[in-house]
Structures are given as C-alpha cells and as structure tokens.
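Visitor: Could you take me through one part of this model in detail, please? I would like a close look at the largest pocket and at what surrounds it.

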Amino acid sequence: MDKLNIDQHISQQYNAVLDDLKTEFLEMGGVVEQQIIDAVQAITKLDDELAQKVLTVEKEVDEREMALDDLCVQIIARRQPTASDLRLVMSISKATRDLERMGDEAKKIAKMAILINETGDLPAGFSELRNLGRRVQQLVNDTLTAFARYDVNTALQVAREDKAIDKEYDTAMRELITYMMEDPRNISRSMNITWALRALERIGDHASNIAEHIIYLVKGLDVRHSSASEMQEKVQQDS
C-alpha cells in the first residue's frame, strides 16, 4: 500500500484543516455511493419510493460539492500549500467534481426507474443492468477505499476494472440493439434501460478519473489519457 507523506505543520489548525478536507470528501463519497446503490435497486426492483429518495439526495450532493470547492479555495488562498499538500487539495478539488457527476448519473437512473413504472412496460435488459450495476457499485467502493488509504495499487485495479466494465456495457448494448431490431415495438420500452446502462458506464468512467487523481496525489504522476497498462508502467518506472 502506498503512503502519502502529508507534511505535518507547526500549525495544528492547518493539520486539522487538511484532515477535515479529506474527511468531507470521503463523506461526500459515501453519500454518492449510497445514491448509486439506491438508484440501481430502484430501477431493478421498480421501486418508485427509492427512486424519489435518490432525486432528493441530489441536492445534498450539490451542496457538499460547493462546500468542498469553497474549502479548497480557502486553503489555497490562506495557506498557499506546496508539494504534497497542494496535490491533496488539487486532487480533492478535481475528484469532487467527479463525485458530483456520479450523483447526476445516479439521478438519471432513478428517473428511468420512474418512467418505466409510469409506462407499465417491462423491457428487456434487467439482468444486464443488475450485473453491470453490481460491478459499478463495487468499483465506486474500491475507488473511495483507495483514496482513503492513498493506495495506488487499488487505484490501478480500478482503472483496469473500468475497462472491463466498458466491455460489459458494449455487450449489453449489442444485445439490446438486437432485441429492438427484432421488433420495432421494443424500441421505446427499451430506451430507458439503454440510458440507465449508459449512466452506469459513465459512473465507471468517473471512478477511473478519481483513480487517476489518486495516482497524481501519491506519486505526482499525471496519468490522464493513459491506458490502464500505461498507468501501470508509469507507476512502476517511478517506484
């Protein structure tokens, strides 16, 4: 497990501010993770009440994002952080945006659940949606664990798993397209599942983005726009 040597400062207040920043980020991550879990359950079990809960939580996620943004700005303005401190602040600032967008995607899934209930249609693709949802939920959990532990190895695993999720998404989409082509009457009822699958795939992408931020935070390496194997190679070269 990789460790980040955040500088300990003479000012205990500064140490506390950095600790609070990380804690607030992880708490927001926990809220978003539960939002994703609830959204997947809402659409796979056609639970309107749970879907409405997901929509309600979105306001809290937005408020947390703004509060974290404000805290990051205050730290930069007042403390002028350098080295690992600055990487921590910048990584959390960027990762917070990814968390908020995960929440947006969870909201889309919840809306699709409500639409399916309203139409009364039972489209194909629930099995694929459930399987992909399970993998994405685990991916988000692994991402937050990696951030909490400054764990580069787990971050690399997240990047690799995201590529596997992309492949599963492509397979599910091909099956749905085939289903819709067999009978045009299936198109409208299957679109909600299609958009929900797309939302899950996007959540995986945002988790992978956060994994990149973790690698930058711990190693100081910019691995954006790199494949999972390229990330692994860069990290090994830096070790």
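Guide: What follows starts at the pocket, moves to one of its lining residues, and then turns to the helices.

The model is a predicted one, and its largest pocket has a volume of about 190 Å³. The residues that line this pocket are Glu65, Asp69, Ser93, Lys94, Thr96, Arg97, Asp98, Arg101, His206, Asn209 and His213. Helix H2 (48–79), helix H3 (83–119) and helix H6 (186–219) are the elements that each give two or more residues to that lining, and H3 supplies the largest share, namely six residues. Sorted by class, the lining holds six charged and five polar residues, and no nonpolar ones.

Among the lining residues, His206 can be followed further. His206 belongs to helix H6, and because its relative accessibility is 2%, below the 20% cut-off, His206 counts as buried. Leaving aside residues up to four places away in sequence, His206 touches Asp98, Arg101 and Met102; of these contacts, Asp98 and Arg101 also appear in the pocket lining.

Glu65, another lining residue, leads to H2, where Glu65 is one of the buried residues. The others buried in H2 are Leu50, Ala51, Val54, Val57, Glu58, Val61, Leu68, Cys72 and Ile75, and the buried residues of this helix pack against helix H1 (12–44) and H3. As background to such a pattern, an α-helix has 3.6 residues a turn, so residues three or four places apart point the same way. The length of H2 can be checked as well: at 1.5 Å a residue its 32 residues should span 46 Å, and because its end C-alpha atoms are 47 Å apart, the two values agree. At the N-terminal end, Asp47 caps H2, with a side-chain oxygen 3.1 Å from the backbone nitrogen of Glu49, while the residue that follows H2 is Gln80, whose phi is positive, near 45 degrees.

Helix H4 (residues 126–149) can be described in a similar way, with 24 residues that reach 35 Å from first C-alpha to last, close to the 34 Å expected at 1.5 Å a residue. Its buried residues include Phe126, Leu129, Leu132, Gly133, Val136, Leu139 and Val140, and the buried residues of H4 pack against H1, H3, helix H5 (152–182) and H6. H4 is followed by Tyr150, which has a positive phi, near 50 degrees.

Terms used: Residues numbered from 1 in each chain as written. Predicted model: local features only at pLDDT ≥ 70, side-chain atom pairs only at ≥ 80, totals over all residues. Heavy atoms only, no water. 1 Å grid on protein atoms, 1.4 Å probe; cavity = no way out; pocket = protein on both sides within 12 Å on 5 of 7 lines; lining within 4 Å. Points joined across faces, edges and corners; volume = space filled by probe spheres on them. Helix = DSSP H or I, 4+ residues; strand = E, 2+ residues; numbered from the N terminus. Nonpolar A, V, L, I, M, F, W, Y, C, P; charged D, E, K, R; others polar. Expected span 1.5 Å × (residues − 1). Buried < 20%, exposed > 50% of the residue type's maximum accessible area, 1.4 Å probe, protein only. Contact = heavy atoms within 4.5 Å. Polar contact = N/O pair within 3.5 Å; in protein donor to acceptor, adjacent residues only side chain to side chain.
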